[in-house]
Amino acid sequence: MFFPENRPRRLRRNETLRRMVRETRLSAADFIYPLFAVPGSGVRDPVGSMPGVFHLSVDQLVQEAEEVKALGIPAILLFGIPEKKEVDNDATLDLLARTALSHAEAGADMVAPSDMMDGRVGAIRQVLDENGFSHIPIMSYAAKYCSSFYGPFREAAHSAPQFGDRRSYQMDPANSREAIREISLDIEEGADIIMVKPALAYLDVIRWARKEFDLPLAAYNVSGEYSMIKAAAEKGWLDGNRVMMEVLTSIKRAGADIIITYFAKDAARELRG
């Protein structure tokens, strides 16, 4: 009878051994937690398609930020809800730059334009530098795909398209070489951190970006990726916490240094045990 000389299962026998040889390690310090800011006070309205996510007024945001900090999560990503939008690349650049400047003046540690307008990073970098904010880094949504996984976010951010076609400026999901070009352009314009969005359906792009570039790499674990796990867990079809941790581990394993995720608080608690 043949007996194998190599037995990898020896190191899987118990949790102590598995932990000792684990190649990819998650930490609460890897996460950024997105929050949705709305006018008013005392506002904490649940987002129906995203269990555990809320529209929050500033007073509630402060409380939420304190909880996030206590869990060891180092950063939040704020989304304000604008009353009006347009999709006009060149006209938008000036608005983006002025908005980024206002965020820096208000005390933001970093700005993160999510629009995918050509030239936005360069325009923002120039305005920040000219106004005494050369120390403020830019996280660029460098490879942002036109994805159906954004659906729940559009409810949360009141951003369902009223006109136009996002396919004209967000990336085609079929393309990966183009992502490397987009990232390269943003780096040339002054991006300090690059991002791939969404994360789970684009792990190959995250891996490729990690191999090509040595800048810090973020990945956005988007609303649809969050909601589908939450919904299946509520149905009892899967173990929500275990799937959450598996998904987040896969994103880090692919090469992300930073994971923007609505799971941040749940995952931080899970990591504490």
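## Strand β1 and its surroundings

In strand β8, the bridge partner of I32 is I260. I32 also has a bridge partner in β4, namely A75. Keep in mind that this is a predicted model. The notes below start from β1, the strand that I32 belongs to, then move on to L56, a cavity, a pocket and a cis peptide bond.

**The protein overall**
- The chain has 273 residues, and 44% of them count as buried.
- Its secondary structure adds up to 10 helices and eight strands.
- Take the contacts between residues at least 6 apart in sequence: 72% of them join residues at least 24 apart.
- The accessible surface is about 14,900 Å², with 51% of that belonging to carbon and sulfur atoms.

**Strand β1 and its partners**
- Strand β1 covers residues 31–37 and is mostly covered, with seven of its seven residues buried.
- In a regular strand, side chains alternate between the two faces of the sheet.
- In β1, F31, Y33, L35 and A37 point one way, while I32, P34 and F36 point the other way. Both sets are buried.
- Six bridges join β1 to strand β4 (residues 75–80), and the two run parallel.
- Strand β8 (residues 258–261) also runs parallel to β1, joined by two bridges.
- β3 is another parallel partner of β1, again with two bridges. Here F36 stands opposite H55.

**L56, in strand β3**
- L56 sits in β3, which spans residues 54–56.
- Its relative accessibility is just 1%, so L56 counts as buried; the cut-off for buried is under 20%.
- Leaving out residues up to four places away in sequence, L56 touches L35, F36, A37, V38, V43, R44, L61 and E64. Among these, L35, F36 and A37 come from β1.
- P46 is 10 residues from L56 in sequence, and their C-alpha atoms are 8.9 Å apart.

**The cavity**
- Rolling a probe the size of a water molecule over the atoms shows where empty space is left.
- The structure holds one cavity of 30 Å³ or more, and the largest cavity has about 40 Å³ of space.
- Lining the largest cavity are Y33, P34, L35, F36, G52, V53, F54, L56 and E64. The elements that give two or more residues to that lining are β1 and β3.
- β1 supplies the largest share of this lining, with four residues.
- By class, the cavity lining comes to seven nonpolar, one polar and one charged residues.

**The second largest pocket**
- The second largest pocket holds about 680 Å³ of space.
- It is lined by 16 residues, and the closest to its centre are E15, R22, T24, M245 and T249.
- Two or more lining residues come from each of α1 (15–20), α9 (240–254) and α10 (264–272).
- Helix α9 gives the largest share of the lining, six residues.
- Sorted by class, the pocket lining has nine charged, four nonpolar and three polar residues.

**A cis peptide bond**
- Most peptide bonds are trans.
- The bond from K197 to P198 is cis, with omega near -5 degrees.
- Where is P198? P198 lies in the loop between β6 (193–197) and α7 (203–212).

Methods:
Residues are numbered from 1 along each chain as its sequence is written. This is a predicted model: local features need pLDDT of at least 70, side-chain atom pairs count only at pLDDT 80 or more; totals for chains, interfaces and linings use all residues. Side-chain values use heavy atoms; hydrogens and water are left out. Buried means under 20% relative accessible area, exposed over 50%, partly exposed in between (1.4 Å probe, protein chains only). Contact means heavy atoms within 4.5 Å. On a 1 Å grid over the protein atoms alone, a cavity is a set of points where a 1.4 Å probe fits but cannot get out, and a pocket is an open set with protein on both sides within 12 Å along at least five of seven lines; lining residues have an atom within 4 Å of a point. Grid points are joined across faces, edges and corners, and a volume is the space filled by probe spheres set on the points. Ala, Val, Leu, Ile, Met, Phe, Trp, Tyr, Cys and Pro count as nonpolar, Asp, Glu, Lys and Arg as charged, and the others, Gly among them, as polar. Two strands pair if DSSP finds at least two bridges between them. Accessible areas come from the Shrake-Rupley method with a 1.4 Å probe; for residues, only the protein chains shown count as cover.
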